[in-house]
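Trainee: Before we use any of these labels in our own work, could we go through how each one is justified?
Mentor: Yes, let us take them in turn and set each value against its criterion.

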2 protein chains.
Amino acid sequence: MEIKREEISQWFQSLQTKICDQVASEDEGATFQVDEWQHTAGGGGKSRVLLNGKVLEKAGVNYSAVEGDAPEGLLKTLEVNTEKDAAALTFFATGVSIVMHPSNPMVPIIHMNVRYFELSNGIYWFGGGIDLTPHIIDRQQAAWFHKELKKACDQHDLAYYAKFKTWADEYFYLPHRKETRGVGGIFFDRLSADGNKTKSDIFEFVKSIGECFAPIYTHLMHINKQRDFNDKHIAWQMLRRGRYVEFNLVWDRGTKFGLQTGGRTESILMSMPPTAQWKYDYQLTEDFEKETMELLQKGVDWSQI
Amino acid sequence: MEIKREEISQWFQSLQTKICDQVASEDEGATFQVDEWQHTAGGGGKSRVLLNGKVLEKAGVNYSAVEGDAPEGLLKTLEVNTEKDAAALTFFATGVSIVMHPSNPMVPIIHMNVRYFELSNGIYWFGGGIDLTPHIIDRQQAAWFHKELKKACDQHDLAYYAKFKTWADEYFYLPHRKETRGVGGIFFDRLSADGNKTKSDIFEFVKSIGECFAPIYTHLMHINKQRDFNDKHIAWQMLRRGRYVEFNLVWDRGTKFGLQTGGRTESILMSMPPTAQWKYDYQLTEDFEKETMELLQKGVDWSQI
């Protein structure tokens, strides 16, 4: 039997709870507060935010399930044929979005999103992604991160990792800086049943991605949270957070789409760092800065390192 | 005789020098450094930045005069008919852009831009604007600012101020926050000769706007720079700077256009504040916060206050 949207949204909601519990446990300092909200169109969501923890300065885990009339602009963006029956179309969208900003610059920033979208005409797809943004790149950790993602992908399709890793390189990229946001990860969109996969197969893949988040990130928190850092690392972290802001506000399609279509601003901008800085024409000085910048490029084959 | 682009760009360049001299003199702490750069297409510019002055934490005054083949995307954006002779079209653009971020939250942020654009087919226009973003609104100062702008406009056309003030209310607006960036000012675009005005008339108007910047802002620096402030004012300033970042990266057409068409990133992002903060779902507490937010709306008739 075809998987229903309620099953998907319930699974996403339970994923939110599980991730918050595991991350808060590793943080040992703060817990996630809950904010429930309604969407102007229909449905709503739960935003969970952890502030000023021992490891995480700001972490947001957002769950939503919204529905309403499919706006024409949306259909256009989605390249859906609106000639036939647009007037009657409604949409349903559900997902979990995560961004975590640690206070210790040795702990990387992480982002994850898993989402499901359907129109009342039967069109649907899954999308998602997970990418890591170390302030200071540790090659071994970046390679480990990619190998974990590859393992999760390989359970479902041996072609997935390579394809979705390249997609992430393209997506998490700042053209105006000629640099990637971090060491990448995977990104996928518009996955639906085809000759090889059922809707259920794809949902199982999305579940695997959702489920690998907490073990991956709590491990990275665990091995880095006690590491020493100094003022130079903090100053650099503030500049890298500035780049994170630039990516999210200038290039991230989800953020732009949300802000332009009346999404809940506070939930969308949970991804913003608590503090960010910009320095005019900053020149790299420290070795860790130079090494990091050299690796913020597309096409690094992390799974082979 | 028709005004030539060289005359316009030279005037802009001299305006940059004059403004930097006067602002640095009022700052009494730092001077503007110069960075000359070339555009990939042709021409280039001079970025002048003052950092860590006594009044200004970061101030950027950018002059540019660039030219090159008119890219198809540009022509499309500009709604120029490309069917006829797009292949042969070149563009020339020159202007001065300013953003100043004071360290004392009692001194307002200011922005000014004056620009001239022409295509080799004879199409040209002037554009520009000036708007004030107090962290904490002082009604009298905001009214004075608008009256100064009205005086400058009235010398050239009694209809200008009302029209361009409304345009600024629309332009300097954050739809996702339902608030204006600050107390507005004036904004105008695509001004060219018509039955009432010659190209020279419009250039004279643009000169008046450019010339009113230094007296206006040095006055606002002067009367505010000694004012006391505390940690609450600073915390609020950081959040307002976050909004400034949101406007510039999400909504400002000039910034988006520049970043997406290969402009010089460091010059475009001189407008970024040195530091900015975001707090999840911040609730207004202080009276000065509430009073400021009440006034960040379109349609306040400042010239009548």
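Trainee: Why is K207(B) called partly exposed?
Mentor: The model is a predicted one, and in it K207(B) has 17 C-beta neighbours inside 10 Å. Buried requires 20 or more and exposed requires 12 or fewer, so K207(B), with its 17, counts as partly exposed. K207(B) is placed in helix α5 of chain B, and its C-alpha atom is separated by 8.8 Å from that of L15(B), although the two are 192 residues apart along the chain.

Trainee: What makes L158(A) exposed?
Mentor: L158(A) has 10 other C-beta atoms within 10 Å, and because the label exposed applies at 12 or fewer, L158(A) receives it. This residue lies in the loop between α3 and α4 of chain A, and 16 Å separates its C-alpha atom from that of Q304(A), 146 residues apart along the chain.

Trainee: How do you know that the length of helix α5 of chain B agrees with its number of residues?
Mentor: The helix has 26 residues, numbered 199–224, and at 1.5 Å a residue they should span 38 Å. The C-alpha atoms at its ends are 38 Å apart, so the two values agree. Even so, α5(B) bends by about 25° at F213(B), and a proline, P215(B), follows within four residues.

Trainee: Which residues of α5(B) are buried, and what covers them?
Mentor: Among the buried residues of α5(B) are I202(B), F205(B), F213(B), Y217(B) and N224(B). The elements of chain B that cover the buried residues include α1, β4, β5, β6, α3 and β9. Y217(B) in particular, leaving aside its neighbours within four places in sequence, is in contact with V23(B), M100(B) and I110(B). In the largest nonpolar core, which has 150 residues, I186(A), Y217(A), I186(B) and Y217(B) touch the most other members.

Trainee: Why is β5(B) described as largely enclosed by the rest of the structure?
Mentor: Nine of its eleven residues are buried, and the description therefore follows from that count.

Trainee: How do you know that β5(B) is paired with β4(B) and with β6(B)?
Mentor: Pairing needs at least two bridges, and ten bridges join β4(B) to β5(B), which run antiparallel; β5(B) and β6(B) likewise pair in the antiparallel sense, over ten bridges. On the β4(B) side, T94(B) stands opposite Y116(B), while in β6(B) the bridge partner of N113(B) is G129(B). A hairpin of six residues joins β4(B) to β5(B), and β5(B) and β6(B) form a hairpin with four residues between them, where G122(B) in the turn has a positive phi of about 100°.

Trainee: What makes β10(A) and β10 of chain B a pair of strands across the two chains?
Mentor: Three bridges join them, and they run antiparallel; since at least two bridges are needed, the criterion is met. A276(A) has A276(B) as its bridge partner.

Trainee: How many residues does each chain bring to the contact?
Mentor: The contact takes 23 residues from chain A and 23 residues from chain B. On the side of chain A that touches chain B, the elements giving two or more residues are β2, α6, α8 and β10 of chain A, and α6(A) gives the most, with four residues. By class, that side of chain A has 14 nonpolar, four polar and five charged residues.

Note on methods
Residues numbered from 1 in each chain as written. Chains lettered and ligands numbered in written order. Predicted model: local features only at pLDDT ≥ 70, side-chain atom pairs only at ≥ 80, totals over all residues. Expected span 1.5 Å × (residues − 1). Bend = angle between axes of the 7 residues up to and from the residue. Contact = placed C-beta atoms within 7 Å. Nonpolar A, V, L, I, M, F, W, Y, C, P; charged D, E, K, R; others polar. Core = buried A, V, L, I, M, F, W, Y, C linked by C-beta atoms within 7 Å.
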